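Hi,

Here is the structure I said I would pass on. Have a look at it first, and then read my notes below.

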Amino acid sequence: IDNKLSMVLRSHELPENGDGYKLQHDGRLATVFSASNYCGQTGNMGAVVILGKDLSVEPVEHFAPMLDTLKDEMAAGITDSVA
């Protein structure tokens with residue numbers, strides 16, 4: 001059966017390697033997890049996917065500091081890590 005799908009983009013599951021995204025099956029399956037440092041303590045990367053007009057996929061990773069670090073910086077008036 002040919003369903004004519006060229007790619008599946010799924011989310012809401014952290015890849016086991018801790019990256020914010022994972023490509024599988026020759027790039028035809030992409031898993032994206034946007035919540036970096038989940039719950040402020042896991043240390044994982046987060047990612048978003050930018051789709052090109054030609055449906056090309058460009059994953060972009062990001063990372064949020066630890067929750068305690070954010071609290072300390074916010075209390076001290078330092079906001080660089082949350083900008």
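To start with one residue: is Arg 10 buried, partly exposed or exposed? Arg 10 is partly exposed, because its relative accessible area is 33%, and the cut-offs put buried under 20% and exposed over 50%. Before I go further, please keep in mind that this is a predicted model. The mean pLDDT of the chain is 85, and 94% of the residues score at least 70. Broken down by element, strand β2 (residues 21–24) has the highest mean pLDDT, 93, while helix α1 comes out lowest with 84.

**Strands β1, β2 and β3**

Back to Arg 10, then. Arg 10 sits opposite Thr 31 in β3. That fits into a parallel pairing of strand β1 (residues 8–11) with β3, joined by 4 bridges. β3 also pairs with β2, this time in the antiparallel sense, again over 4 bridges. In that pairing, Tyr 21 has Val 32 of β3 as its bridge partner. The hairpin of β2 and β3 leaves 4 residues between the strands, and His 25 has a positive phi near 50 degrees there.

What about the two faces of β3 (residues 29–32): which residues lie on each side? Leu 29 and Thr 31 are on one side, Ala 30 and Val 32 on the other, and all of them are buried, so both faces are covered.

**Strands β4 and β5**

The other hairpin to look at is made by β4 and β5, with 5 residues between them. Leu 55, in the turn, has a positive phi of about 65 degrees. The strands themselves, β4 (residues 46–51) and β5 (residues 57–62), are antiparallel and share 6 bridges. If you want a pair to click on, Gly 46 stands opposite His 62 in β5.

There is a nonpolar surface patch here too: Val 48, Ile 50 and Val 60 make up about 210 Å² of it. Ile 50 belongs to strand β4, and Val 60 to β5. Ile 50 counts as partly exposed because its relative accessibility is 43%. Val 60 gets the same label, partly exposed, because its value is 32%. For a sense of distance, Ile 50 is 37 residues from Glu 13 in sequence, with 18 Å between their C-alpha atoms.

**Salt bridges**

How many salt bridges does the structure hold? There are 3. As a reminder, side chains of opposite charge can pair when their charged atoms come close.

- Glu 13 and Arg 10 meet through their side chains at 2.3 Å, N to O. Glu 13 counts as partly exposed because its relative accessibility is 40%.
- Glu 16 and Lys 22 also form one, with the closest N and O atoms 2.3 Å apart. Glu 16 is exposed at 67% relative accessibility, whereas Lys 22 is partly exposed, with a relative accessible area of 21%. The Lys 22 value lies just above the cut-off, since buried means under 20%.
- Lys 4 and Asp 2 make up a further one, where the closest N and O atoms are 3.8 Å apart. Both of these residues, Lys 4 and Asp 2, are exposed.

**Aromatic rings**

A search of the whole structure turns up 1 aromatic pair. Phe 33 and Tyr 38 form it, edge-to-face, at 5.6 Å centre to centre and with 70 degrees between the planes. The edge-to-face label applies because the angle of 70 degrees is over 60. Is Phe 33 buried or exposed? Phe 33 is buried, because its relative accessible area is 9%. Its partner Tyr 38 counts as partly exposed at 43% relative accessibility.

**Helix α1**

Finally, the helix. α1 is hardly covered, with 1 buried residue among its 10. Asp 68 is found in α1 (residues 67–76), and Asp 68 counts as exposed because its relative accessibility is 54%. From Asp 68 to Lys 53 there are 15 residues in sequence and 40 Å in space, C-alpha to C-alpha. Just after α1, Gly 77 takes a positive phi of about 80 degrees.

Cheers

Conventions: Residues are numbered from 1 along each chain as its sequence is written. Side-chain values use heavy atoms; hydrogens and water are left out. Two strands pair if DSSP finds at least two bridges between them. A salt bridge is a side-chain nitrogen of Lys or Arg within 4 Å of a carboxyl oxygen of Asp or Glu. Buried means under 20% relative accessible area, exposed over 50%, partly exposed in between (1.4 Å probe, protein chains only). Rings of Phe, Tyr and Trp (its six-membered ring) pair if their centres lie within 6.5 Å; planes under 30 degrees apart count as stacked, over 60 as edge-to-face and the rest as tilted. Patches are made of residues with over 30% relative accessible area and no salt bridge: like charges are joined within 9 Å, nonpolar side chains (Val, Leu, Ile, Met, Phe, Trp, Tyr) within 5 Å. Accessible areas come from the Shrake-Rupley method with a 1.4 Å probe; for residues, only the protein chains shown count as cover. pLDDT is the predictor's confidence in each residue, from 0 to 100.
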